Amino acid sequence: MSDATRTYGTCVALGATAALLVGPSRAGKSDLALRFVMSSLNEGGVARLVADDQVLLNIENDRLIARPPVVLAGKIEVRGLGILTIPYREEAELRLIIQLCKSEDVPRMPPECLPTQELGGKTLPVLLLAPFEISAPLKLRLALMQFVGR
């Protein structure tokens, strides 16, 4: 895995399908990831953290695979509590970039064709999401469900 590309953001997965949460410091990446993962624990834990803060990306069999750096596996920064360990996946296929923004910057309806961004050698769709809305973990889940099996 020496040829892995390191990128900054927080990666979460629904099953084997992952999204990369991106935004500036204090944008809510870790907070949204924590709520997303913890909200699924009573469902058998299908939502998992892949990596918080730094993500390693590799192309394998034409798929973009996200993994945590070894020293960060399962670790997440929880403001006020410190660095904690939560359920995580060792790898998942990255299919979506979630750009975190203010509520007023999220369009009521997404464009018919989502904007895209090249990352780790693949072009991925980018979706805007306001991380501190109460429904944000559910919206993240719905967005990932759209990319399962694609």
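Q: Over how many bridges do β6 and strand β9 (residues 92-100) pair in the antiparallel sense?
A: This is a predicted model, in which local features need pLDDT of at least 70, side-chain atom pairs count only at pLDDT 80 or more, and totals for chains, interfaces and linings use all residues. Residues are numbered from 1 along each chain as its sequence is written, and side-chain values use heavy atoms, with hydrogens and water left out. Strands (E, at least two residues) and helices (H or I, at least four) are DSSP runs numbered from the N terminus, and two strands pair if DSSP finds at least two bridges between them. For antiparallel β6 and β9, the number of bridges is two.

Q: Which residue of β9 stands opposite Ala66?
A: Ala66 can be followed across the pairing of β6 with β9, which is antiparallel. Its opposite number in β9 is Ala92.

Q: Which residue of β6 stands opposite Leu56?
A: Strand β5 (residues 54-60) is another antiparallel partner of β6, joined to it over five bridges. In the hairpin of β5 and β6, two residues lie between the strands, and Asn61 takes a positive phi near 50°. Across from Leu56, in β6, stands Arg67.

Q: How many of the five residues of strand β6 (residues 63-67) are buried?
A: Buried means under 20% relative accessible area, exposed means over 50%, and partly exposed lies in between (1.4 Å probe, protein chains only). The strand is largely enclosed by the rest of the structure, because its buried residues number four.

Q: Is Glu93 buried or exposed?
A: Glu93 lies in strand β9. Contact means heavy atoms within 4.5 Å, and, not counting residues up to four places away in sequence, Glu93 touches Ala16, Thr17, Ala18, Arg63, Leu64 and Ile65. With a relative accessible area of 18%, Glu93 is buried.

Q: Which residues of β2 point the other way from Thr10, Val12 and Leu14?
A: In a regular strand, side chains alternate between the two faces of the sheet. Five of the five residues of β2 (residues 10-14) are buried, so this strand is largely enclosed by the rest of the structure. Thr10, Val12 and Leu14 point one way; pointing the other way are Cys11 and Ala13.

Q: Which residue of β4 stands opposite Leu14?
A: β2 has antiparallel pairings with β3, over five bridges, and with β4, over four bridges. On the β3 side, Val12 has Ala19 as its bridge partner. On the β4 side, the residue opposite Leu14 is Ala47.

Q: What is the phi of Gly15 in the turn of the β2 and β3 hairpin?
A: This hairpin has two residues between its strands. The phi of Gly15 is positive, at about 65°.

Q: What is the phi of Asp62?
A: Most residues other than glycine have a negative phi. Asp53, in the loop between β4 (47-51) and β5, has a positive phi of about 85° although it is not a glycine. Asp62 lies in the loop between β5 and β6 and counts as exposed at 58% relative accessibility. The phi of Asp62 is also positive, near 65°.

Q: Within what arc do the buried residues of α1 fall, seen down its axis?
A: The buried residues in α1 are Lys29, Ser30, Leu32, Ala33, Phe36 and Val37. The arc is that of the directions from the helix axis to the C-beta atoms. These residues line one face of the helix, because they fall within an arc of 160°.

Q: At roughly what angle do the axes of helix α1 (residues 29-38) and helix α2 (residues 136-147) cross?
A: Axes are lines fitted to C-alpha atoms, for helices over the stretch in contact, with angles from 0 to 180 degrees between N-to-C directions. The two axes come within 9 Å and cross at roughly 75°.

Q: Which residues of α2 make the contact with α1?
A: The crossing angle makes α1 roughly perpendicular to α2 (65 to 115 degrees; under 35 is roughly parallel, over 145 roughly antiparallel, the rest oblique). From α1, the contact is made by Leu32, Arg35 and Phe36. From α2, it is made by Ala136, Pro137, Leu140, Arg141 and Leu144.

Q: Which residues does Arg26 touch, not counting residues up to four places away in sequence?
A: Arg26 has its place in the loop between β3 and α1 and is exposed, with a relative accessible area of 66%. Beyond those sequence neighbours, it touches Arg79 and Phe132.
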